[in-house]
Amino acid sequence: MIFTVAIDGPAAAGKGTVGRAVAAHFGFAHLDTGLLYRAVGALVLKGADPIAAARGLVPEALEQPGLRSPEVAQAASEVAAIGDVRAALLDFQRGFARREGGAVLDGRDIGTVICPEAEVKLFVTASAEARAGRRLAELVEAGHAASFDGVLADVKARDARDSERAMAPLRPADDAHLLDTSELDAAQAVAAAIARVSAALGQ
Ligand code: CDP
Ligand code: CDP
């Protein structure tokens, strides 16, 4: 069976949480496409050329520690504005989306560019304040020094860059279902997403 769930939305909206849970529930493969851009961003911070880094990206690069840091997040959003970087990562993502057995991809342009034919498209969003609060909790948990105001500024800067870029900007596909998680906990957001996918599968 070929069946793609495309999940897009701004930073820390809960895309990964929903994506992982939907994939586990239905037995689909899951790809956090932000990790591709984070891996390229991490290489650029070490001095690599962004386009060469994207073209030469190996799967092991997605497993390296440190990809969740705020510095890497900003670097990721900078390299993500480069058309040749996006082009280098396209075929891998498209192949993943249409693999046999079902796939969930989360990112910024899955429903609009990577897989416009996706059977289910979700646009997961929440207020910038709610998202900054969630990201702060994660960073503190992981031992990073961070303040709410600093994280909020980072989230807003990344939202602006991701939405205003010329190449594959962050926006909901016309046929995406909007899932605003501002007032939902993670379990409620996951339940709403699973209900959408079940309906599309006719279950
Ligand atoms: O993938 P994305 O950056 O959109 O977000 P995430 O890493 O899945 O979620 C960020 C954090 O928010 C995680 O710690 C979640 O447990 C939490 N959270 C959530 O995902 N959804 C909610 N409705 C509430 C909290
Ligand atoms: O987890 P969070 O939502 O904070 O970020 P991410 O999904 O790991 O993405 C990091 C950066 O990669 C984003 O700010 C985007 O600039 C970029 N990205 C993108 O351009 N297209 C995607 N499909 C996924 C991520």
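Author: Buried means under 20% relative accessible area, exposed over 50%, and partly exposed in between, with a 1.4 Å probe and protein chains only. The model is predicted, so local features need pLDDT of at least 70 and side-chain atom pairs pLDDT 80 or more, while totals for chains, interfaces and linings use all residues. Residues are numbered from 1 along each chain as its sequence is written, and side-chain values use heavy atoms, with hydrogens and water left out.

Reader: Why is Asp-159 called buried?

Author: Its relative accessibility is 13%. The limit for buried is under 20%, so Asp-159 counts as buried.

Reader: What makes Asp-159 and Arg-131 a salt bridge?

Author: A salt bridge needs a side-chain nitrogen of Lys or Arg within 4 Å of a carboxyl oxygen of Asp or Glu. The closest N and O atoms of Asp-159 and Arg-131 are 2.6 Å apart, so the pair meets the definition. Asp-159 lies in helix 8 and Arg-131 in helix 7, so the salt bridge ties together parts that are 28 residues apart in sequence. Helices here are DSSP runs of H or I with at least four residues, strands are runs of E with at least two, and both are numbered from the N terminus. Arg-131, at 4% relative accessibility, also counts as buried.

Reader: What makes Asp-175 and Lys-121 a salt bridge, and is each buried or partly exposed?

Author: The N to O distance is 3.0 Å, and the cut-off is within 4 Å. The pair links distant parts of the chain, with Asp-175 in the loop between helix 8 and strand 5 (177–180) and Lys-121 in strand 4 (residues 120–125), 54 residues apart. Lys-121 has a relative accessible area of 6%, so this residue is buried. Asp-175 has 47% and is therefore partly exposed.

Reader: How do you know that Arg-161 and Glu-78 meet in a salt bridge?

Author: Their side chains come to 3.7 Å, N to O, which falls within 4 Å. Arg-161 in helix 8 and Glu-78 in helix 4 are 83 residues apart. Arg-161 is partly exposed because its relative accessible area is 27%, and Glu-78 is partly exposed because its value is 46%.

Reader: How many salt bridges does a search of the whole structure find, and which residues are linked in a network?

Author: The search finds 10. Arg-98, Glu-117 and Glu-119 are linked in a network.

Reader: What makes a space a pocket?

Author: On a 1 Å grid over the protein atoms alone, a cavity is a set of points where a 1.4 Å probe fits but cannot get out, whereas a pocket is an open set with protein on both sides within 12 Å along at least five of seven lines. Lining residues have an atom within 4 Å of a point. Points are joined across faces, edges and corners, and the volume is the space filled by probe spheres set on them. By that reckoning the largest pocket has about 760 Å³. Its lining holds 38 residues, with Ala-12, Lys-15, Arg-38, Arg-68 and Arg-135 nearest the centre. Helix 1 gives the most, five residues.

Reader: How do the linings of the two pockets divide by class?

Author: Ala, Val, Leu, Ile, Met, Phe, Trp, Tyr, Cys and Pro count as nonpolar, Asp, Glu, Lys and Arg as charged, and the others, Gly among them, as polar. The largest pocket has 13 nonpolar, nine polar and 16 charged residues in its lining. The second largest pocket, with about 240 Å³ of space, has 10 nonpolar, no polar and two charged. Its lining includes Glu-63 and Asp-91, and helix 5 provides the largest share, four residues.

Technical notes. Chains lettered and ligands numbered in written order.
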